[in-house]
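Here's a quick briefing on one chain, built around its charged pairs and its nonpolar core. Have a look at the structure first, then we'll walk through it.

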Amino acid sequence: LMAVCKEIDALVNVPLTQGQYDALVDFTYNLGSGQLASSTLLKFLNEGNYQSAGGQLMRWDEVNGQANGGLEARREAEVRLN
């Protein structure tokens with residue numbers, strides 16, 4: 001997790017609440033920092049557009065191109081962290 005936190009700290013240029021940070025740790029731990037680095041989520045986040053960044057987080061709810069209820073529920077919970 002320390003490596004994930006260092007990657008997030010290097011990529012994110014705006015202040016985050018603990019909940020937002022925790023959601024990014026979960027996202028990055030599961031998908032990798034490359035996915036975060038190239039994401040529209042990060043672009044919106046670094047623009048300070050937190051609402052749109054949360055909306056982008058919701059787009060990451062598939063496994064092998066198929067919607068996944070568990071991931072959808074996780075993303076919804078992460079968006080509520082603030």
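Let's start with Arg-74: its relative accessible area is 33%, which makes it partly exposed. Keep in mind that this is a predicted model. Arg-74 is also one half of a salt bridge with Asp-26, where N and O sit 3.5 Å apart.

**The Asp-26 hub**

- Asp-26 belongs to helix α2 and Arg-74 to helix α6 (residues 69-80), so their salt bridge ties together parts of the chain that are 48 residues apart in sequence.
- Asp-26 is partly exposed as well, at 23% relative accessible area. The cut-off for buried is under 20%, so 23% falls outside that class.
- Arg-75 also pairs with Asp-26, and here the closest N and O atoms are 3.7 Å apart. This one links distant parts of the chain too: Arg-75 is in helix α6 and Asp-26 in helix α2, with their positions 49 residues apart in sequence.
- Is Arg-75 buried or exposed? Arg-75 is buried, with a relative accessible area of just 2%.
- Put together, a network of salt bridges links Asp-26, Arg-74, Arg-75 and Glu-78.

**The rest of the charge picture**

- How many salt bridges does a search of the whole structure find? It turns up four.
- One of the pairs joins the side chains of Lys-43 and Glu-47, at 3.0 Å from N to O.
- Lys-43 is partly exposed, and its relative accessible area comes to 47%. Exposed would take over 50%, so Lys-43 stays in the partly exposed class.
- As background, side chains of opposite charge can pair when their charged atoms come close.

**The nonpolar core**

- The largest nonpolar core is made of 15 residues. Those with the most contacts inside it are Ile-8, Val-12, Leu-24, Val-25, Leu-36, Leu-41 and Leu-45.
- At least two residues of this core come from each of α1 (2-11), α2 (18-31), α4 (40-46) and α5 (50-57).
- Which helix supplies the largest share of this core? That would be α2, with four residues.
- Leaving aside residues up to four places away in sequence, Leu-45 touches Val-12, Val-14, Leu-16, Leu-24, Tyr-50 and Ala-53.
- Helix α2 therefore shows up in both stories: it holds Asp-26 of the salt bridge to Arg-74, and it supplies four residues of the core.

How values were computed
Residues numbered from 1 in each chain as written. Predicted model: local features only at pLDDT ≥ 70, side-chain atom pairs only at ≥ 80, totals over all residues. Heavy atoms only, no water. Core = buried A, V, L, I, M, F, W, Y, C linked by side-chain atoms within 4.5 Å. Buried < 20%, exposed > 50% of the residue type's maximum accessible area, 1.4 Å probe, protein only. Contact = heavy atoms within 4.5 Å.
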